[in-house]
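Subject: Structure for your review

Dear colleague,

Please find below the structure that I am handing over to you. I would be grateful if you could keep it open while you read the notes that come after it.

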Amino acid sequence: WPSKLAVVRFVGVFHHALTDEGGGMLMPFYRALQRTDRGTCTVRLMLEAVHLFLVDPLAAWKIPAGKAPESFQRAISIHREMNADRLEVIRKYSLQRRRPELFRSPPTWQDAWLEPSFLEA
């Protein structure tokens, strides 16, 4: 690191049409990653890429929306519907929350939640 790419994998319950069964990113994600002038991928660039992937996976993979294979579009649509159901459950649960800081919008991070070496990167 940062000459070699970090492996991105979502740990815990995570459902996404364009990740593998273990929650790992597929090769198109890594191919589309931005790099610095020195050819490295910084923590900031990696996190921005993960964020873009979660917001718009096809844009993250540099696939124009109209050019995506129908199977991708169908899988994304199905997962969006399932995610909407999950978000509704989360919304209902958040009304009963014990730790409101976990449900802030926009989300906020507390330094104590993160590994110190990650904060320094």
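The notes below go through the core, one helix, the aromatic pairs and one backbone angle.

Please bear in mind that this is a predicted model.

The nonpolar core

The largest nonpolar core contains 18 residues. Within this core, V8, M25, F29, L33 and F53 have the most contacts. Three elements each give two or more residues to the core, namely α1 (27-31), α2 (43-55) and α3 (57-60). Of these, α2 supplies the largest share, with five residues.

Two of the core residues deserve a closer look. V8 sits in the segment before α1. Its relative accessible area is 12%, which is under the 20% limit, so V8 counts as buried. Apart from its neighbours within four places in sequence, V8 is in contact with G23, G24, M25, F29, Y30, M46 and V50. By contrast, V8 and E88 are 27 Å apart from C-alpha to C-alpha, with their positions 80 residues apart in sequence. The second residue is M25, which touches V8, F10, T19, Y30, V50 and F53 when residues up to four places away in sequence are not counted.

The helix α2

Helix α2 has 13 residues. From its first C-alpha to its last it reaches 18 Å, close to the 18 Å expected at 1.5 Å a residue. Where do the buried residues of α2 lie when one looks down its axis? The residues concerned are V43, L45, M46, A49, V50 and F53. They fall within an arc of 165°, so they line one face of the helix. On the other side of α2, R44, H51 and V55 are exposed. The cover over the buried residues of α2 includes α1, α3 and α5 (116-120).

The aromatic pairs

A pair of aromatic rings is described by the distance of the centres and the angle of the planes. A search of the whole structure finds five aromatic pairs. One of them joins W61 and F72: the ring centres are 5.8 Å apart and the planes stand at 75°, so this pair is edge-to-face. W61 belongs to the loop between α3 and α4 (70-94), whereas F72 belongs to helix α4, so the pair ties together parts that are eleven residues apart in sequence. W61 is buried, at 6% relative accessible area, while F72 is partly exposed, at 25%.

Another pair consists of W109 and W113, and this pair is also edge-to-face, with 6.4 Å from centre to centre and 85° between the planes. W109 is exposed, because its relative accessibility of 66% is over the 50% limit. W113, at 36%, counts as partly exposed.

Ring pairs also link F29, Y30, F53, W61 and F72 into a cluster. Two members of this cluster, F29 and F53, were named above among the residues with the most contacts inside the core.

A backbone angle

Which residue has a positive phi although it is not a glycine? The residue is K62, with a phi of about 60°. K62 is found in the loop between α3 and α4. With a relative accessible area of 59%, K62 is exposed.

I hope that these notes help you to find your way through the model.

Yours sincerely

Key: Residues numbered from 1 in each chain as written. Predicted model: local features only at pLDDT ≥ 70, side-chain atom pairs only at ≥ 80, totals over all residues. Heavy atoms only, no water. Core = buried A, V, L, I, M, F, W, Y, C linked by side-chain atoms within 4.5 Å. Buried < 20%, exposed > 50% of the residue type's maximum accessible area, 1.4 Å probe, protein only. Helix = DSSP H or I, 4+ residues; strand = E, 2+ residues; numbered from the N terminus. Contact = heavy atoms within 4.5 Å. Phe/Tyr/Trp six-rings, centres within 6.5 Å; stacked < 30°, edge-to-face > 60°. Expected span 1.5 Å × (residues − 1). Arc of directions from axis to C-beta.
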